[in-house]
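Visitor: I am new to this structure. Would you kindly choose one part of it and take me through that part closely?

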There are 2 protein chains.
Amino acid sequence: MGLKTTPTPAIPRTTSRDALLIDGSDAEFRKLVHGLLALSTRHEALRDGHGARIGLAGPAYTILISVRDLAAQGPITVSGVAEHLKVSGAFITAETNKLETRGLVTKTRHPEDGRRVLLSVTEAGRALLADLAPVQTILNDVEFGPLTRAEFRTMLRVIERLIPAADRALELQAAMAAGDARGVA
Amino acid sequence: MGLKTTPTPAIPRTTSRDALLIDGSDAEFRKLVHGLLALSTRHEALRDGHGARIGLAGPAYTILISVRDLAAQGPITVSGVAEHLKVSGAFITAETNKLETRGLVTKTRHPEDGRRVLLSVTEAGRALLADLAPVQTILNDVEFGPLTRAEFRTMLRVIERLIPAADRALELQAAMAAGDARGVA
DNA sequence: CCGTATTAGCGAAGTAAGTTAGACATTATC
DNA sequence: GATAATGTCTAACTTACTTCGCTAATACGG
């Protein structure tokens, strides 16, 4: 000792929850955050490939499948998709218009609220997605191959609780940013 | 019966693994995939906010923190970061040049391979990230608040296995796309 | 009711986040 | 020692978005 090899400067903690600290360190937690990022970038790359196979860009594919799956559990509007994907409504408008032109989705007025526009996937859209399904199955089996049934259940349960928590964090972040802006002004 | 209410057209399966099917349906599995997407979009939005707080765009922030954390476990190069984040090397070059101009990272020649460029985060860069840490802690505690210690461990273990699996899926996807291209030609 | 404020969607225009292509220097291969 | 391959960089381009301003429809306070 006495000789500095590589100082490895201290990295400050980014969580204070006991459940997420191991021996008082958040190293494992940061690994989780990092892993989550790595996984989502890879998943997005796969998504781009899925889209490409049916002639859609990644975002268009994501929107199409989101409309299909969200519509399955209740009426879904332009702004509903926007909020779900955390993008601007204008973007969903533009993309769904293109998808409508291609005959993959339909846009209809909401019967009770004329401002809103209901989205749904056409038969052609469903057929397109159905074409993709066999390939998707092969790739999903590889991508999620290491997942046991128990882990699958845990992941599902966890993620469903994590989404609203992330939304709360987003609200808090917005509130803090707004507070800072006021404080500076 | 006999009266069609809403036909609810069949959605084809996208996995064939028993562990991921519940009563023969992949509905829960698709929920997982969807949830993963929803979570990652929210996480990315939070990341943008973190970046904004220290004057960086989301991607620049992500690259900075990736360099710091990857460098902690061994030498890291431009292409190393590119592969980790699944973006082009050229993009990492451009962004790290900006970060270098701002004095947040340094780029040095690899001593044994003159083509490669080693990246590291400067003291100023570390200080900037350290400034952010307290706010990050607050938000992470909210975002990951619902996570128990057991779930945390499971998630970590699962994600670390899922990343290489996703990489294998990507390779397979690329191979299939290439095969199709040849087949068509 | 009636004005006013909100909310939903749209289109145009701009910005940022990437990509591809090509040049160049360095290293590996034969 | 030539040829190929790898790693980085720059420039030019594309795509994935956002913001802004508009119109139409609903909601709300007097």
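**The surface near DNA strand C**

Guide: A polar backbone atom of Val117(A) lies 3.0 Å from a phosphate oxygen of DNA strand C. The model is predicted: local features need pLDDT of at least 70, side-chain atom pairs count only at pLDDT 80 or more, and totals for chains, interfaces and linings use all residues. Residues are numbered from 1 along each chain as its sequence is written, chains are lettered from A and ligands numbered from 1 in the order in which they are written, and side-chain values use heavy atoms, with hydrogens and water left out.

Around DNA strand C there are 21 residues, of which Ser79(A), Lys107(A), Ser88(B), Gly114(B) and Arg115(B) come nearest; a residue is near the strand if one of its heavy atoms lies within 4 Å of it. Of the strand's atoms that come within 4 Å of the protein, 81% belong to sugar and phosphate.

Two neighbours in chain A also approach phosphate oxygens of DNA strand C. For Ser79(A), an N or O atom of the side chain is 2.7 Å away; for Val78(A), a backbone N or O atom is 3.3 Å away. Two or more residues of this surface come from each of α3 and α4 (89-101) of chain A and α4 (89-101) of chain B, where helices are DSSP runs (H or I, at least four residues) numbered from the N terminus. The largest share, three residues, is that of α4(A). By class, the surface has eight nonpolar, six polar and seven charged residues; Ala, Val, Leu, Ile, Met, Phe, Trp, Tyr, Cys and Pro count as nonpolar, Asp, Glu, Lys and Arg as charged, and the others, Gly among them, as polar.

Residues of both chains thus appear around the strand, and the chains themselves meet. In contact (heavy atoms within 4.5 Å) are 87 residues of chain A and 87 of chain B. Between the two chains there are eight salt bridges, each a side-chain nitrogen of Lys or Arg within 4 Å of a carboxyl oxygen of Asp or Glu. Asp167(A) and Arg42(B) form a salt bridge, at 2.9 Å from N to O. On the side of chain A that touches chain B, α6(A) gives the largest share, 25 residues.

A turn of 180° with a shift of 0.0 Å along the axis lays chain A on chain B with an RMSD of 0.1 Å, by least squares on the C-alpha atoms of residues with pLDDT of at least 70 in both. This is the relation of a two-fold axis.

Methods
A polar contact is a pair of N or O atoms within 3.5 Å; within protein, one must be able to donate a hydrogen and the other to accept it, and residues adjacent in sequence count only if both atoms are side-chain atoms.
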